[in-house]
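Dear colleague,

I am handing over the structure we spoke about, followed by an account of what was found in it. Please read the notes alongside the coordinates.

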Amino acid sequence: MKGKLIIAICLMFFKVSLGQTKTVHVFVALCDNQFQGIVPVPKKLGDGKDPKNNLYWGAVYGVKSYLKYKTKDWQFIKKVIPSKPNVLEKLLFKHATKEVYLLAEAYDGEFIKSCVEDFLKASNGQNKETLSYNDRELGFGGNADLVAYIGHDGLMDFNVDINYKKTSSDKRKDAIILACFSKDYFSPEVQQSGVNPILWTTHLMAPEAYTLKSAIDGWMLNKDGNQIKERAAQVYNKYQKCGIRGAKNLFTSGF
């Protein structure tokens, strides 16, 4: 009887631990001078088939470089073999002090549409994915608690055709969209997806990883949309020197 009680208690703590685990899935469309409607950046930064040097991935403030080398808050865990040919690199991170895991995918810039569509489907709870790590099954894609899109606002250039499924309000996941004018262009799709946009933009912007990190930090601390917006504005002004008023006007939360 005593043995069964111990097992039950262990299972209880195991379930509680699992309940505290959260996951973030970041979809990055690599910057691409040739295949995206952007103002060209230096050639080395704008090669959408070169994640190592790409502006949004391997450059100083790209997602991979910033999380792996520029902050101690996130620990690189491992490379994951991509399941899609358009994904050039896929990395798993864990927060240094919290049971929060982050999966970041770098999409070939030529296939930005696939990246946007995969982000929107995940927002809608589709394309569910699991990864095993330390005897845990981590949920990403449609299973993630927070999804994020980083890159050029591809919806300025093309339309998507997604068969969205109905989602219940109590299961709505959160989303961050760091792209130029993302609220204007993503709104129709986001509304259909049923996701909760905790941070997106109203104007031109540089979708670099310090803003992403700051927003995720706020999300992990259970900050509300206005607080996350404030955090994003503060860090964006720090790096971009654009003036805090302009930075605050750039970001918004919710509809």
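Which residues form one aromatic cluster? In this model, which is predicted, the cluster is made up of F27, Y107, F119, Y149 and F186. The structure as a whole holds 14 aromatic pairs, and two that involve Y210 are described next.

The rings of Y61 and Y210 have their centres 5.4 Å apart, and because their planes stand at 85 degrees, the pair is edge-to-face. Since Y61 lies in the loop between strand 1 (22–29) and helix 2 (63–70), while Y210 belongs to helix 5 (residues 209–220), this pair ties together parts that are 149 residues apart in sequence. The two partners can also be described by their accessibility: Y61, at 32% relative accessibility, counts as partly exposed, whereas Y210, at 1%, counts as buried. Y210 also forms an aromatic pair with Y66, again edge-to-face, with 6.5 Å from centre to centre and 70 degrees between the planes. Here Y66 lies in helix 2 and Y210 in helix 5, so the parts tied together are 144 residues apart in sequence, and both Y66 and Y210 are buried.

Two lysines have their charged ends placed over rings. That of K22 sits over the ring of W219, 5.2 Å from its centre, and that of K94 sits over the ring of Y101, 5.9 Å from its centre.

As for the sheet, eight strands form an open arrangement in the order 2-3-4-1-7-8-9-10, with mixed pairing. Strand 2 (74–79) and strand 10 (251–252) are the edge strands, each of which pairs on one side only. Strand 10 runs antiparallel to strand 9 (residues 196–201), to which it is joined by two bridges, and W200 stands opposite T252 in strand 10.

Helix 5 brings several of these points together, as it carries Y210 and lies across strand 1, strand 2, strand 3 (87–95), strand 4 (100–107), strand 7 (146–150), strand 8 (174–178), strand 9 and strand 10, running at about 165 degrees to strand 8. Its length can be checked: at 1.5 Å a residue, the twelve residues of helix 5 should span 16 Å, and the end C-alpha atoms are 16 Å apart, which agrees. How many of the residues of helix 5 are buried? Twelve of its twelve are, so that the helix is mostly covered; among them are K213 and D217, as well as W219, the residue whose ring lies under the charged end of K22.

Finally, the backbone deserves a remark in two places. Most residues other than glycine have a negative phi. N222, which follows helix 5, has a positive phi near 60 degrees; this residue is found in the loop between helix 5 and helix 6 (225–240) and, at 61% relative accessibility, counts as exposed. K241, likewise not a glycine, has a positive phi of about 55 degrees. The place of K241 is in the loop between helix 6 and helix 7 (244–250), and with a relative accessible area of 66% K241 is exposed.

With kind regards

Conventions
Residues are numbered from 1 along each chain as its sequence is written. This is a predicted model: local features need pLDDT of at least 70, side-chain atom pairs count only at pLDDT 80 or more; totals for chains, interfaces and linings use all residues. Side-chain values use heavy atoms; hydrogens and water are left out. Rings of Phe, Tyr and Trp (its six-membered ring) pair if their centres lie within 6.5 Å; planes under 30 degrees apart count as stacked, over 60 as edge-to-face and the rest as tilted. Helices (H or I, at least four residues) and strands (E, at least two) are DSSP runs, numbered from the N terminus. Buried means under 20% relative accessible area, exposed over 50%, partly exposed in between (1.4 Å probe, protein chains only). A charge sits over a ring if NZ of Lys or CZ of Arg is within 6 Å of the ring centre and within 35 degrees of the ring normal. Two strands pair if DSSP finds at least two bridges between them. Contact means heavy atoms within 4.5 Å. Axes are lines fitted to C-alpha atoms, for helices over the stretch in contact, and angles run from 0 to 180 degrees between N-to-C directions. The expected span of a helix is 1.5 Å times one less than its number of residues.
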